[in-house]
Amino acid sequence: MTTFHVTQEGPVNALALNKDFSQVAICGRNVFKVYTIEEDKFREVCNVRASKHLNVGFSCNDVSWSPTDDHYLATAATNGHVSVWNLTKMGKAMQEQDYQDHKRTVNKVNFHASEPNKLISGSQDGTMRYFDIRVKSAVAVFYSNTESVRDVQFSPHSPYAFSAVSDNGSVQLWDIRKPEKYQQQYTAHSGPVFACDWHPEVTWLATASRDRTIKVWDLTNKPTLEYTIHTIASIGHVKWRPQRKYHIASCALVIDCSINVWDVRRPYIPFAAFNEHRDIASGVQWRGDPDIFLSSGRDSTLYHHSFNNASRPAAKANPQGLAVNNNGEIIFARKIPPFQTSASSTSSMTTPTSLAKATVGLMRKISMTQAIDQFHHASSMLQHFSHVNEMANYESESILALSKNYVLSGRSISEMCEHNSVVAREFGKPHLSVVWKIIKTMYGEEFLQNSIHAGSSNREEVAHNNINMSNISSAVIQIESTINSHRETETDQKSKASDTQAAQFSGGDDETENEDQVDNVGTYTGFPTYLNVRSGLPKGDFSFGENELDMELDSLNAGDCYFLDFHNVYRGYNHASADGSDWILPNEAFPIRHEIQDRSPPPEQFPNHHHSPDLHEDTQPIYQVEETSSTLISVSKIPKKSSWDPSSLVVETLKHHAILGDIQTAACVLIVLGDCRKFLKELDEATEEHWLLGYIEMLTSYKLWNNATQIIKLAWLPSVYQLNQQSTRINTNCGKCLKPLQRVGWLCDRCHSSKYALCSICNQVVKGLYVWCQGCSHGGHIAHMKQWVSTKKMCPTGCGHLCEYG
């Protein structure tokens, strides 16, 4: 058989097959048809909606074909009607019965398995109604006391039993002879149950729910959960596969358009999948053959499926895996090819050629049906690599030591960084020690003061940036008086210095005295250099006091991008104005404090009053100079302060450590920074959360529970610090009925006895830590149980359970 389909005018909500599986009926809002199933196509034999005399303008939710009489169909409608159709009649007479007993939408309708005149329905009004199609109204009403009944199914194992599932997650078992109350009721799912189906061979009932599970219940005696299948979406329909005890088909209500066939013994991956539908599948019916079934869908199609065309999701599963523990040990699962598996069971003398022939002969003996019904098998070989990695052990020890000795709160940023730097150095991490030192420099108390100052008014900033010019003016006056007295000497020096360039940079005859100055001067061709004026002056003629120039230069922040550069002042002197607005110094009137790295280019390259192109267009030029005829420059502007923001560098550093796997450093630095984290604007909360949770997971893997709790407590993100607010309560069970002891830990609400909460050895109430076995629910005092299991394995109550203590 092949896969084929037919397209309808609108979505199809349900389908039903007749007793010999030769015809199929489909229904929907705008569809109600009957098709004959041929070899490779559907042939339409009846279109009920084509009749002009039928009042079928309402949507059909479900359709059921009588299992004993091919003439009768029943439909459930959204307006609460249950209709019975006789296909042997024509026109208006085709609708033999139209029951209006339900007040709300009818979700399900089903014929009795052995009595062709009996019919049952389940509705959104919370009731189930039992009909005899020879009578004009319902013969029995069953009240579920729930909001809605989603599905009702007659049991194939008892002529009087049927099941009903509801929106509250419960399953009810009824006897049609006793409509007063259900026989059994139990909670099957944590959400609404949308469908159920009886197993044709054993007393199993499958239920499907919004909680994305399919559960199989054994109803022989007390309802017992046998299997649970986990799916990716809410399940709307289930149907057992005939002649296959453990196979069941399902289709979802949302997301998943596939029809999956499950082996209940393999609950996490489908046995087979059919992906023909392009929208949600709405129903599944087996055609009496385990390899053929029909399905309808919201994509307005009716499909005929063959197992030959099924995909096998298990065949795509990866049979290989890798795991690494904290000690550097590796577990590797490697796929074993089928021929290797067969070869392992044969003699070592078997050749590959003979093995291949034997395999081909074995496959020929396997029928196609057996091959189809076989779940995909993959063999893997587990390999353990336990090579001692000294480096890994060293890293593990370092992580443990740093986690236990780092200080992350309770002190200032400078103190914590200093302490953590010392700790990192002591445990062999000098590079981390440097990181903590840098963080201290960038975000210590000095940084906070500068940050506060940076946020002050412009007036205060100008007052801070403009250097105290009164002190400098006094220094200039001293220089002026000294230079006037030695102008002639200085003129002689100029003539001598112009002979050769080497002599110019020598600073005079006394090379020893000016050796330091020569190292700091520029050599641009044609540009006047700043020769040391002291070369032509006697020693000690003039100087700057500590409270004058040195004080002002030292007051500049080393982290700022500027300093008052007196070294670029040209040789010569121009009288300052009376108000001191413009002033000119001769060539280097005092020893330079800093070495000049970037010297100004020649004047030929840049016109007067222009700044260097190395500066950004928006940047305030440090100096504007005026070139005079006597090669003098005039300092007309003092630079404004421009603070440096280290946040981008810090973020880049933390990300670098995180990429290298050092999540500990990244997380700890963030915690230590505290309120300074607001400066790291380039770091998003998702990355911070990832680092914190990664560090917490690392500490947990090393069983550093207290350190992990400290990190959670110091976290500033709600998703992290709320981890401590989650409940960690574990309820013990009653040793008699196994019910969880929720109200108190020693009294069972079901047995109303505290007998099984006593110590199993001394039979006294346990006041303190209670040791409890999850296998048999017996326990007692920790000292008594520890002493017992040191010599014996069986439970002290004599229940026969092998208790473990660890």
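Rings of Phe, Tyr and Trp, the last represented by its six-membered ring, are taken to pair if their centres lie within 6.5 Å. By this rule, the predicted model holds 21 aromatic pairs. One of them joins Tyr 186 and Trp 217, whose ring centres are 4.8 Å apart and whose planes meet at 55°, a tilted arrangement. Tyr 186 belongs to strand β17 and Trp 217 to strand β20 (residues 213–218), so the pair ties together parts that are 31 residues apart in sequence. Buried means under 20% relative accessible area. Tyr 186 counts as buried because its relative accessibility is 11%, and Trp 217 counts as buried because its value is 7%.

Aromatic residues also gather in a cluster formed by Tyr 130, Phe 142, Phe 154, Phe 162, Trp 174 and Tyr 182. Several of these residues reappear in the surroundings of Ile 176, which touches Tyr 130, Phe 142, Phe 154 and Phe 162, and also Pro 159 and Tyr 160, when residues up to four places away in sequence are not counted. Ile 176 is found in the loop between β16 (170–175) and β17 (184–187). Is this loop residue buried or exposed? Ile 176 is buried, because its relative accessible area is 14%. Its C-alpha lies 9.4 Å from that of Val 141, although the two residues are 35 apart in sequence.

Tyr 160, one of the contacts of Ile 176, also has a charged residue over its ring: Arg 177 lies over the face of Tyr 160, at 3.9 Å from the ring centre. A second such arrangement involves Arg 312, which lies over the face of Phe 271 at 4.5 Å from the ring centre.

The account now turns to strand β7. This strand spans residues 72–77, and six of its six residues are buried. In a regular strand the side chains alternate between the two faces of the sheet. In β7 both faces are covered: Tyr 72, Ala 74 and Ala 76 are buried on one side, and Leu 73, Thr 75 and Ala 77 are buried on the other.

β7 has a strand partner in β6 (residues 60–65), to which five bridges join it in an antiparallel sense. Within this pairing, Asp 62 stands opposite Ala 76, and the hairpin formed by β6 and β7 has six residues between the strands. β7 also pairs with β8 (residues 82–86), again antiparallel and over five bridges. Here Thr 75 has Ser 83 as its bridge partner. The hairpin of β7 and β8 has four residues between the strands, and Gly 80 in the turn has a positive phi of about 90°.

How values were computed:
Residues numbered from 1 in each chain as written. Predicted model: local features only at pLDDT ≥ 70, side-chain atom pairs only at ≥ 80, totals over all residues. Heavy atoms only, no water. Buried < 20%, exposed > 50% of the residue type's maximum accessible area, 1.4 Å probe, protein only. Helix = DSSP H or I, 4+ residues; strand = E, 2+ residues; numbered from the N terminus. Pairing = 2+ DSSP bridges. Contact = heavy atoms within 4.5 Å. Phe/Tyr/Trp six-rings, centres within 6.5 Å; stacked < 30°, edge-to-face > 60°. Lys NZ or Arg CZ within 6 Å of the ring centre and 35° of its normal.
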